[in-house]
Amino acid sequence: MKRHLLIPLMLLAGFLCMAQNTDESSTIIRIQDDAARGQIIPKEIYGQFSEHLGSCIYGGLWVGKDSPIPNRDGYRLDVLNALKKLQVPVLRWPGGCFADDYHWMDGIGPLEQRARISNNNWGGTLEDNSFGTHEFLNLCELLDCEPYISGNVGSGTPEELAKWVEYMTSDSQSTVANMRRANGRDKAWKVKFLGIGNEAWGCGGNMRPEYYADLFRRYTTYTRNYGGRLYKIASGASDFDYNWTEVLMQAVGTKMDAIAVHYYTVLDWNRKGSATQFSEDEYMRCLRRAFGIEDCIKGHIAIMDKYDPQKRVDLLVDEWGTWFNVEPGTNPGHLFQQSTMRDAIVAGLSLNIFHKYTDRIKMANIAQIVNVLQSMILTKDSQMVLTPTYHVFEMYKVFQGAEFIPVEYSAGNIVSGDQELEIPALSVTAARKDGKRYVAVVNTDLKHERKLALSADKTVGGATGRILTAKDIHDYNDFGKSAKVEPKPFTGAHKTRNGLEVTIPAMSVVVLEIQ
Ligand code: AHR
């Protein structure tokens with residue numbers, strides 16, 4: 001072909017595959033039942049995070065006993081009931097950055113005597129400490145979830161943290177345990193997860209890893225086991241800071257139970273973009289960053305494997321999720337953002353990635369549970385909405401405690417206009433529990449459905465399930481309006497000779513039970 005014809009043709013071809021891969025043929029998916037090796041997806045992968053930030057606690061989880069908003073002992077009833085349906089396995093508190101400014105004695109005892117402080121990390125809001133240790137641990141009991149206490153290392157002392165642990169967990173007749181009794185709680189609470197600081201490299205003290213490693217060793221010496229054994233969590237790296245993990249593994253090693261990495265899906269820390277109004281390019285960049293968590297995790301695991309091949313130290317991702325600009329007109333320090341179908345896609349693909357690495361990753365806590373960043377729930381006065389992310393967590397709860405099953409598939413990528421942005425077209429995970437098999441599929445393609453030819457090592461009889469999708473990727477559930485993004489029964493799976501033909505609509509998250 002003549003060169004002057006070839007170049008325009010190449011450009012045309014490039015343009016045609018610009019938006020998305022339009023391959024109509026079926027993607028072959030093989031559920032490798034026989035390759036499952038007893039790797040259990042810990043329920044804590046579905047963990048949540050709550051911080052004294054914006055209206056996460058006040059107005060979100062807690063309205064106080066005298067509020068006109070229906071409540072049970074001060075906890076919002078609508079939120080409580082919605083959270084019960086999620087089977088929250090673990091809840092982290094009180095921060096975040098707030099944790100290293102938090103002095104637990106401020107939040108116990110008669111309400112009128114509690115300290116009033118300025119929440120310096122989050123907009124300087126007045127914090128009256130009406131939600132403290134008792135209110136948090138009682139909430140965990142109501143939700144039947146494990147508390148995860150994030151201790152103050154940045155501005156606290158080993159003595160302060162040691163006494164907090166004693167206050168919560170000791171059944172002795174010590175002065176500290178008796179102080180708890182005097183404040184209305186006779187029996188010690190069950191607390192297993194203890195964070196030794198948060199983001200020690202940043203808001204938790206701006207430390208070097210070498211210095212923090214020594215502090216970790218010091219603090220853990222004095223935080224003692226009263227009831228059960230404490231599981232002590234080191235403040236880990238910010239996304240790709242592998243040196244942090246390297247130093248901690250060298251200097252602390254198996255003295256820590258876990259190291260907790262933070263990874264946010266953020267477009268650019270200086271230009272985070274709107275949560276609800278975004279271009280296709282921003283969508284692609286957002287998803288590329290979300291998929292990037294896999295490389296991040298793999299990098300940290302490789303370092304951990306070098307020092308700890310027996311996998312005695314766990315990796316946690318105790319903060320993750322999308323981070324966009326706050327909603328217009330809201331306090332910039334309160335991190336209140338809406339949640340669209342895009343967030344649901346990020347949630348689904350992130351959970352699918354975590355499942356794969358659960359031989360090392362034992363907990364993940366999405367940020368945050370109510371009214372902050374990629375929330376499950378948003379509230380405005382007495383109103384409440386469930387976000388698309390809530391629905392993903394609700395649909396995925398079948399994976400809590402299930403045995404991971406490897407899946408083989410090759411679905412290719414979707415490519416953006418300028419060819420610079422590529423993201424996987426599909427994300428798939430599978431697991432089994434109580435004799436049932438579950439598969440979750442995320443279709444990231446905004447325009448094209450995907451046909452799957454699904455087969456498995458074991459017989460496939462049929463499938464039922466639910467789908468979360470929307471008319472538009474920007475759709476979200478808003479106050480006072482009927483919900484736009486809600487799960488529906490899935491009818492796109494049909495029995496074939498070899499398994500199933502499954503049609504996954506564009507921009508959707510599907511969870512199937514395979515018979
Ligand atoms: O989740 C919001 C903040 O993000 C947390 O307080 C902090 O740990 C992180 O930087």
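The legends below walk through close-up views of a predicted model.

**View 1. The ligand and its surroundings.** Let us start at the ligand, which has 13 residues around it. The closest of these are Glu51, Cys97, Glu199, Tyr264 and Glu319. Sorted by class, the shell comprises 6 nonpolar, 4 polar and 3 charged residues.

**View 2. Side chains that meet the ligand's oxygen atoms.** Three residues are worth picking out here. The side chain of Tyr264 places an N or O atom 2.8 Å from an oxygen atom of the ligand. For Gln368, a polar side-chain atom is found 3.0 Å from a ligand oxygen. Asn198 also takes part, with an N or O atom of its side chain 3.1 Å from an oxygen atom of the ligand. How much of the ligand's surface does the protein bury? The ligand on its own exposes 280 Å², and 94% of that is buried by the protein.

**View 3. Strand β12 and its two partners.** Now turn to β12, the strand that spans residues 314-322. Why is this strand described as largely enclosed by the rest of the structure? The reason is that 9 of its 9 residues are buried. One partner is β11 (residues 258-265), which pairs with β12 in the parallel sense over 8 bridges. To find your place in this pairing, look for Val261, which stands opposite Val317 of β12. Strand β13 (residues 361-367) also pairs with β12 in the parallel sense, here over 4 bridges. A handy landmark for this pairing is Leu316, whose bridge partner in β13 is Met363. Following the chain from β12 to β13 takes you through helix α10 (residues 341-356), and this β-α-β crossover is right-handed. As you look along the strands, it helps to recall that side chains in a regular strand alternate between the two faces of the sheet.

**View 4. The loop that follows β13.** This view returns to Gln368, a residue of the loop between β13 and β14 (377-380). The peptide bond that joins Ala367 to Gln368 is cis, with omega near -10°. Gln368 is also one of the residues that approach the ligand, since a polar atom of its side chain lies 3.0 Å from a ligand oxygen. The loop between β13 and β14 holds Leu373 as well. Leu373 is a residue other than glycine with a positive phi, near 55°. Is Leu373 buried or exposed? With a relative accessibility of 2%, Leu373 counts as buried. For context, most peptide bonds are trans, and most residues other than glycine have a negative phi.

**View 5. A second cis peptide bond, and a serine contact.** The bond from Trp93 to Pro94 is cis too, with omega near 5°. Pro94 sits in the loop between β5 (90-93) and β6 (117-119). Also shown is Ser150, which belongs to strand β8 (residues 146-151). What does the side chain of Ser150 reach? Its target is the backbone oxygen of Gly95, at 3.1 Å. Ser150 has a relative accessible area of 1%, so this residue is buried.

**View 6. Met507 between two strands.** Our last stop is the loop between β26 (500-504) and β27 (508-514), where Met507 is found. The phi angle of Met507 is positive, near 35°, in a residue other than glycine. At 7% relative accessibility, Met507 falls under the 20% limit for a buried residue.

Key:
Residues are numbered from 1 along each chain as its sequence is written. This is a predicted model: local features need pLDDT of at least 70, side-chain atom pairs count only at pLDDT 80 or more; totals for chains, interfaces and linings use all residues. Side-chain values use heavy atoms; hydrogens and water are left out. A residue is near a molecule or strand if one of its heavy atoms lies within 4 Å of it. A polar contact is a pair of N or O atoms within 3.5 Å; within protein, one must be able to donate a hydrogen and the other to accept it, and residues adjacent in sequence count only if both atoms are side-chain atoms. Accessible areas come from the Shrake-Rupley method with a 1.4 Å probe; for residues, only the protein chains shown count as cover. Ala, Val, Leu, Ile, Met, Phe, Trp, Tyr, Cys and Pro count as nonpolar, Asp, Glu, Lys and Arg as charged, and the others, Gly among them, as polar. Buried means under 20% relative accessible area, exposed over 50%, partly exposed in between (1.4 Å probe, protein chains only). Two strands pair if DSSP finds at least two bridges between them. A crossover is right-handed if, with the strands pointing away from the viewer, the path from the first strand over the helix to the second runs clockwise.
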